[in-house]
Amino acid sequence: MEKCTCCSCHEKLCIDNVPIFHDLTLEEKESIMNASVHKKFKKGEIIFTPGDSFENLFVVNKGIVKIYKISAIGKEQILRILEPGDFMGELSLFSNTTLSNNAEAIENTEICIINGVTIKALLLKKPEIAIKFLQSYTKRIEESEELIEQIGLRDVEQRIANYLLLEIEKNAIEDKDNEFEITLPVSKKDLAALIGTSQETLSRKLSVFQDNDIIRLKGQRKIIVKDMEVLKQMR
């Protein structure tokens, strides 16, 4: 672990990627980064596990992280996928409780670990940042409720359709000749765990979608949506 040098290494501070920090002055941002460390995780390396106690905020600077739980029978359920600019660990930071989820780098990843005392001092100085934290956490609760609804009330086809549409909306993917090219941020194994099914079932359903000319599979990580209206009807 080393002192955070994101500014010199990547031409800008890693917290510039985090929307809730956009309105801070350069001096305030540099103050945060001076109280931070930079750590690299290899693909498959665990960042934290349930029961760990950290009073820090973890910001993804590069790479992708999955947040997940393991059931009593060993089944993995992915709760969130974090990309550059996303953060984690805020619940433990603000509630003084241990972490309840697992975090794993699913590709080579770089994390800025921001000192919790510095974050709390910033929130006292700038209450508007605290409100943004609350808004972000509220959004995560909504996403968790949506995930529970998806897995509990919708079949696999509906979950796949919903995921593809959300990826198009989230990434503002524009159509090219009435087709939308999605680059999956995770492997199909992790995608299956995210939507609550097996990799075999996901592959089978995607093949059915392709046979019905709804999508076209392109390599391991690309899906071309050919008929968005059908997906919307399935959603």
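Ile-141 sits in helix 5 of this predicted model. Ile-141 is partly exposed, with a relative accessible area of 38%. Together with Leu-91 and Tyr-137, Ile-141 makes a nonpolar surface patch. The area of this patch is about 240 Å².

The overall fold was examined next. The protein chain contains 9 helices and 12 strands. For 235 residues, a compact globule would have a radius of gyration near 18 Å. The protein chain has 19 Å, which agrees with that expectation. The C-alpha trace spans about 55 × 45 × 30 Å along its principal axes. Of the 235 residues, 45% count as buried. The protein chain exposes about 12700 Å². Carbon and sulfur atoms supply 51% of that exposed area. Contacts between residues at least 6 apart in sequence were also classified by separation. Of these contacts, 70% join residues at least 24 apart.

One annotated region covers part of the chain. An unreviewed UniProt entry places the feature "domain: Cyclic nucleotide-binding" at residues 20–140. Over residues 20–140, the chain is 32% helix and 35% strand. The end C-alpha atoms of this stretch are 14 Å apart.

Charge pairing was then surveyed. Side chains of opposite charge can pair when their charged atoms come close. A search of the whole structure finds 19 salt bridges. One of them joins the side chains of Glu-28 and Lys-126, with an N to O distance of 3.6 Å. Glu-28 lies in helix 2, which covers residues 26–34. Lys-126 lies in the loop between helix 4 (116–125) and helix 5 (127–153). The pair therefore ties together parts that are 98 residues apart in sequence. Both Glu-28 and Lys-126 are buried.

Lys-66 takes part in two of the salt bridges described here. In one, the side chains of Glu-76 and Lys-66 meet at 3.0 Å, N to O. This pair links distant parts of the chain, with Glu-76 in strand 6 (residues 76–82) and Lys-66 in strand 5 (residues 65–70). Glu-76 and Lys-66 are 10 residues apart. Glu-76 is partly exposed, with a relative accessible area of 23%. Lys-66, at 5% relative accessibility, counts as buried.

Asp-190 also forms a salt bridge with Lys-66. The closest N and O atoms of Asp-190 and Lys-66 are 3.0 Å apart. Asp-190 belongs to helix 7 (residues 188–195), whereas Lys-66 belongs to strand 5. This pair links distant parts of the chain, 124 residues apart. Both Asp-190 and Lys-66 are buried. Elsewhere, salt bridges that share partners join Glu-28, Lys-125, Lys-126 and Glu-128 into one network.

The surroundings of Asn-102 bring Lys-66 back into view. Asn-102 lies in strand 8, which covers residues 102–105. At 11% relative accessibility, Asn-102 counts as buried, because that value is under the 20% cut-off. Residues up to four places away in sequence were not counted among the contacts of Asn-102. Beyond them, Asn-102 touches Phe-48, Thr-49 and Pro-50. Asn-102 also touches Lys-66, Ile-67, Tyr-68, Lys-69 and Ile-70.

Note on methods:
Residues numbered from 1 in each chain as written. Predicted model: local features only at pLDDT ≥ 70, side-chain atom pairs only at ≥ 80, totals over all residues. Heavy atoms only, no water. Salt bridge = Lys/Arg side-chain N within 4 Å of Asp/Glu carboxyl O. Helix = DSSP H or I, 4+ residues; strand = E, 2+ residues; numbered from the N terminus. Buried < 20%, exposed > 50% of the residue type's maximum accessible area, 1.4 Å probe, protein only. Patch = residues over 30% accessible without salt bridge, like charges linked within 9 Å, V, L, I, M, F, W, Y side chains within 5 Å. Areas by Shrake-Rupley, 256 points an atom, 1.4 Å probe, with all protein chains shown as cover. UniProt positions renumbered as here; feature names shortened; annotations may be inferred. Rg over C-alpha atoms; globule rule 2.2 N^0.38 Å. Contact = heavy atoms within 4.5 Å.
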